[in-house]
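Student: Could you take one buried position in this model and look at it closely? From there, please carry the description on into the surrounding elements, with care over what is computed for each.

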Amino acid sequence: MTVSETVAGPSIEDFERARDIVSAVARRTPMESSRHLAGRLGVPVYLKCENLQRTGSYKLRGAYHRISALTADERERGVVAASAGNHAQGVAYAARELGIRATIFMPVGVALPKLEATKSYGADVVLAGDSIGETLQAAAEFAERTGAVIIPPFDHVDVIAGQGSLGLEILEQAPDAATIVVAIGGGGLAAGVASAAKQRAAQLGRTIRVIGVQAENAAPYVASLAAGERRDVPVVPTIADGIAVYRPGVLNFDIIRDTVDEVVTVSEDDIARALLVLLERAKLVVEPAGAVAVAALLAGKVLADGPIVAVLSGGNIDPLLMQRVISHGLAASGRYLTVRVGLPDRPGQLVRVAELLAGTHANVVEVLHTRHGRGLQISEVEIDISVETRGPEHRAEVVEVLRRAGYEPVVLDD
């Protein structure tokens, strides 16, 4: 595989070959326009729906391209990978399609839907380790013992070329795109998309911006790019677990440093809001890591100077996590309000508060009534009341109505 002389990464010919190889299994996923996001940003916004890809994410592209390049001897030895989610499914599916034995190591606490999906693609799944670090070590020991070929999730030129097939696809579907916004974890997707898209744009005699997005709680590229070299960062738990890495990949860092124009970060609230917007407005189920590009747009982290493509990189989300994230997103979007109100301990007070809330058209969903709150007098009670609201302005209206009625509401979910 050659390296481009003008743009870091595989050459445009390598990306084109990878696209042809990957097309044997990867769907040409839809490119949907978003009127809601376009209205907010003032420019056309397109959503590249890799959440609808086979196995539920873009990972299939890189895994299939890497495995397809194995020699006959390597294929005979089989492949091994360590992953808690999308990479596991991509490797399992790709190996099955190529008739190669796959062993996937997953953490003991892996989400059941991801475990069952990986098994369903025919891989031998081994649960090992309580953390992904321990799981990686177990996979490395297996490879040493058996000769199985390790398929890395991002730090390999074949993987990067496979992911870069997505960059070519984006410019075929949205030839007027001025900016591509893409998630960065270890960097395989961003490196491939940025290098392929910039080389294709150069062929067309124009330029294109690529913006990378990381979760605030796991942002090694921000620190590494600032330092000019790869740096480790502590990873705080994040709902965007699919991009939670502590160190950039070696090849990925070099390519991203030279081809990605800017790397921005988004908060947990930003991600939850984006997931909710995609569900409500676009009717798309997207995992938290797959929604960070839209989160960056909603948070005002990307300069809107022309048509934008936001890559929805995956849709594999545990229904239980989805339930929690939607609730968090509703609260972050001002759609929930929980207030604590002190009341005299006499009949009719709770009814009066309920009538005030009904007058604002706020829907009560939960009430907690207690006489045992800290600092309460014997003649006082306290209620925590949760209501559904229509947004920040409606929240403020509800609080103000309670204040005007003589209460002192304390907002609990700020």
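Tutor: In this predicted model, once its neighbours within four places in sequence are left aside, Val294 is in contact with Leu37, Leu47, Ala274, Leu278, Ala310 and Leu312. Val294 belongs to helix H13, which covers residues 292-298, and its relative accessible area of 0% places it among the buried residues. One of these partners, Leu312, is 18 residues away from Val294 along the chain, and the two C-alpha atoms are separated by 7.9 Å.

A second buried position, in another helix, can be described in the same terms. Leu166 is located in helix H8 and is likewise buried, at a relative accessible area of 0%. With neighbours within four places in sequence set aside, Leu166 is in contact with Lys48, Glu50, Arg61, Leu189, Val193 and Val311. Val22 lies 144 residues from Leu166 in sequence, while the distance between their C-alpha atoms is 9.9 Å. As for the helix that carries Leu166, H8 comprises residues 157-173, 17 residues in total, and its span from first C-alpha to last is 25 Å, close to the 24 Å expected at 1.5 Å a residue. Because 14 of the 17 residues of H8 are buried, this helix is largely enclosed by the rest of the structure.

Two of the contacts of Leu166, Glu50 and Arg61, also pair with each other: they form a salt bridge in which the closest N and O atoms are 3.0 Å apart. Glu50 is found in the loop between strand S2 (45-49) and helix H3 (59-68), and Arg61 in helix H3 itself, so this pair ties together parts that are 11 residues apart in sequence. Both partners, Glu50 and Arg61, are buried. Helix H3 and helix H8 are joined by a further pair, since a salt bridge links the side chains of Arg66 and Asp158, at 3.1 Å from N to O; Arg66 lies in H3 and Asp158 in H8, 92 residues apart, and the pair thereby links distant parts of the chain. Arg66 counts as buried at 11% relative accessibility, and Asp158 is buried at a relative accessible area of 10%. Beyond these pairs, Arg19, Asp20, Arg28 and Glu172 are linked in a network of salt bridges, and the count for the model comes to 22 salt bridges.

The strands can be taken next, beginning with S7. Strand S7 (residues 179-183) is mostly covered, five of its five residues being buried. Thr179, Val181 and Ala183 point one way from S7, whereas Ile180 and Val182 point the other way, and all of them are buried. S7 pairs with strand S8 (residues 209-215) in the parallel sense, over five bridges, with Ala183 standing opposite Val213 in S8.

Parallel pairing is also found in an open sheet of four strands, whose order is S5-S4-S3-S6. Its edge strands are S5 (124-127) and S6 (149-150), each of which pairs on one side only. Strand S4 (residues 102-106) is joined to S5 by four bridges, the two running parallel, and Phe105 has Val126 in S5 as its bridge partner.

A further open sheet, with antiparallel pairing, is formed by four strands in the order S12-S13-S11-S14. S12 and strand S14 (410-411) stand at its edges with a single partner strand each, so one side of each is left without a neighbour in the sheet. Strand S11 (residues 336-344) and strand S13 (residues 380-388) pair over nine bridges in the antiparallel sense, and the bridge partner of Leu343 is Val381 in S13. Side chains also connect S11 and S13: Asp384 and Arg340 meet in a salt bridge at 2.7 Å, N to O. With Asp384 in strand S13 and Arg340 in strand S11, the pair ties together parts that are 44 residues apart in sequence. The two partners fall into separate burial classes, for Asp384 is buried at a relative accessible area of 15%, while Arg340 is partly exposed at 32%.

The edge strand S12 also leads to the surface. Val364 is placed in S12, which covers residues 363-370, and its 35% relative accessibility makes it partly exposed. Together with Leu350 and Val367, Val364 makes a nonpolar surface patch of about 200 Å².

Methods: Residues are numbered from 1 along each chain as its sequence is written. This is a predicted model: local features need pLDDT of at least 70, side-chain atom pairs count only at pLDDT 80 or more; totals for chains, interfaces and linings use all residues. Side-chain values use heavy atoms; hydrogens and water are left out. The expected span of a helix is 1.5 Å times one less than its number of residues. Buried means under 20% relative accessible area, exposed over 50%, partly exposed in between (1.4 Å probe, protein chains only). Patches are made of residues with over 30% relative accessible area and no salt bridge: like charges are joined within 9 Å, nonpolar side chains (Val, Leu, Ile, Met, Phe, Trp, Tyr) within 5 Å. Accessible areas come from the Shrake-Rupley method with a 1.4 Å probe; for residues, only the protein chains shown count as cover. A salt bridge is a side-chain nitrogen of Lys or Arg within 4 Å of a carboxyl oxygen of Asp or Glu. Contact means heavy atoms within 4.5 Å. Two strands pair if DSSP finds at least two bridges between them.
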